[in-house]
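Biologist: I have a new model on my screen and would like to know what stands behind the words people use for it. Could you go through it with me, one label at a time?

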Amino acid sequence: MPRSSRKGVRRFTKRVFDIVAVVVSAPLLIPLGLAVAAVVRWKVGTPVLFRQKRPGRDAVLFEILKFRTMTDRRDAKGELLPDAERLTRVGAWMRQTSLDELPEFINVLRGEMSLVGPRPLLVEYLPLYTIQQARRHEVRPGLTGWAQVKGRNELTWEQKFELDTWYVDNQSFWLDLRILLLTVVKVLKREGIAHGDSSTMPRFTGRKD
């Protein structure tokens with residue numbers, strides 16, 4: 001079978017698996033999502049959902065959905081405070097348990113994301129990637145990925161991108177299953193959430209030569 005045909009079959013199989021997995025999990029995901037939404041409404045406020053444009057496959061923009069974990073607190077000049085200062089206690093807990101990412105299952109159903117793939121990052125990072133790093137956009141972004149089960153926020157940006165491109169070159173159905181199982185373990189152990197002493201990952205500023 002030609003390489004292009006194999007690639008098409010792999011994409012189709014992955015898409016079917018994503019849809020089936022989300023639909024089968026819906027009886028658990030829907031009540032859990034509603035419960036988390038109620039907590040966010042009570043503890044963080046409205047809007048309950050955080051929406052932001054992110055680059056997907058081929059760097060095409062889509063609107064990612066998450067539960068809000070931060071307030072909109074600003075300084076005297078009207079500028080948003082640093083992420084660490086706006087992150088609420090319940091928001092930190094949601095990030096530790098990955099419950100803030102539950103709405104991304106909607107992105108999966110829409111075909112904007114996959115269960116497994118490189119995490120979708122900020123649009124402002126697009127011009128900062130090297131040619132090799134930009135290859136992470138050859139596949140749909142994922143709820144979880146190879147970089148997430150190999151260290152998540154404990155990794156440097158360069159290490160994350162190396163793992164992302166490794167996944168692009170080595171993706172398979174069995175690798176995806178392995179990543180999903182490892183993700184469950186990582187979430188239960190709450191590993192790789194913080195970056196050093198910071199509760200959030202520092203911004204990517206490009207390659208340092």
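Modeller: Gladly, and bear in mind that this is a predicted model. Let us begin with enclosed space: the structure holds 1 cavity of 30 Å³ or more.

Biologist: What makes that space a cavity?

Modeller: The test is whether a 1.4 Å probe fits but cannot get out. Here the largest cavity has a volume of about 40 Å³.

Biologist: Which residues line the largest cavity, and how do they divide by class?

Modeller: The lining is made of Pro55, Gly56, Pro118, Arg119, Pro120, Arg136, His137, Val139 and Pro141. By class there are 5 nonpolar, 2 polar and 2 charged residues. Gly counts as polar under this scheme, so Gly56 goes into the polar group.

Biologist: And the open spaces? How much space lies in the second largest pocket?

Modeller: About 350 Å³. Its lining has 15 residues, and Lys7, Arg10, Val139, Val168 and Gln171 are the ones that lie nearest the centre of the pocket. Two elements, α1 (3-43) and α6 (157-170), each give two or more residues to this lining. The largest share, 6 residues, comes from α1.

Biologist: What is the class make-up of that lining?

Modeller: It divides into 2 nonpolar, 2 polar and 11 charged residues. Asp, Glu, Lys and Arg are what count as charged, so Lys7 and Arg10 belong to that group. Val139 is listed in the lining of the second largest pocket and also in that of the largest cavity.

Biologist: Now α6 itself. How do you know that its length agrees with that of a helix?

Modeller: Set the expected span against the model. At 1.5 Å a residue, the 14 residues of α6 should span 20 Å, and the end C-alpha atoms are 20 Å apart, so the two agree.

Biologist: Which residues of α6 are buried?

Modeller: They are Trp157, Lys160, Phe161, Leu163, Asp164, Thr165, Tyr167 and Val168. Val168 also appears among the residues nearest the centre of the second largest pocket.

Biologist: Why is Phe173 called partly exposed?

Modeller: Buried means under 20% and exposed means over 50%. Phe173 has 35% relative accessibility, so it counts as partly exposed. Phe173 is found in helix α7 (residues 173-189). The C-alpha atoms of Phe173 and Arg10 are separated by 8.0 Å, although these residues are 163 apart along the chain.

Biologist: Let us move to the strands. What makes β1 and β2 a pair?

Modeller: Pairing needs at least two bridges. Strand β1 (residues 49-55) is joined to β2 by 7 bridges, and the two run antiparallel. Among the facing residues, Arg51 stands opposite Leu65 in β2, and Pro55 has Leu61 as its bridge partner.

Biologist: Why is β2 called mostly covered?

Modeller: Strand β2 (residues 61-67) has 7 residues, and 5 of them are buried.

Biologist: What is unusual to look at in the backbone of the hairpin?

Modeller: The hairpin has 5 residues between its strands, and Asp58 takes a positive phi near 60° there. Asp58 is not a glycine. With a relative accessible area of 57%, Asp58 lies over the 50% cut-off and so is exposed.

Biologist: Where else does a residue that is not a glycine have a positive phi?

Modeller: At Ser98, with a phi of about 65°. Ser98 has its place in the loop between α3 (89-97) and α4 (104-110).

Biologist: Is Ser98 buried or exposed?

Modeller: Its relative accessibility is 17%, which is under 20%, so Ser98 counts as buried.

Biologist: What makes Pro47 worth a look?

Modeller: The peptide bond from Thr46 to Pro47 is cis, with omega near -5°. Pro47 lies in the loop between α1 and β1.

Biologist: Finally, the whole chain. How do you know that its radius of gyration agrees with a compact globule?

Modeller: With 209 residues, such a globule would have a radius of gyration near 17 Å, and the chain has 17 Å, so the values agree. Along its principal axes the C-alpha trace spans about 60 × 50 × 30 Å. Buried residues make up 44% of the chain.

Biologist: And what is the order of helices and strands along the sequence?

Modeller: There are 7 helices and 4 strands, in the pattern α-β-β-α-α-α-β-β-α-α-α.

Methods: Residues numbered from 1 in each chain as written. Predicted model: local features only at pLDDT ≥ 70, side-chain atom pairs only at ≥ 80, totals over all residues. Heavy atoms only, no water. 1 Å grid on protein atoms, 1.4 Å probe; cavity = no way out; pocket = protein on both sides within 12 Å on 5 of 7 lines; lining within 4 Å. Points joined across faces, edges and corners; volume = space filled by probe spheres on them. Buried < 20%, exposed > 50% of the residue type's maximum accessible area, 1.4 Å probe, protein only. Expected span 1.5 Å × (residues − 1). Rg over C-alpha atoms; globule rule 2.2 N^0.38 Å.
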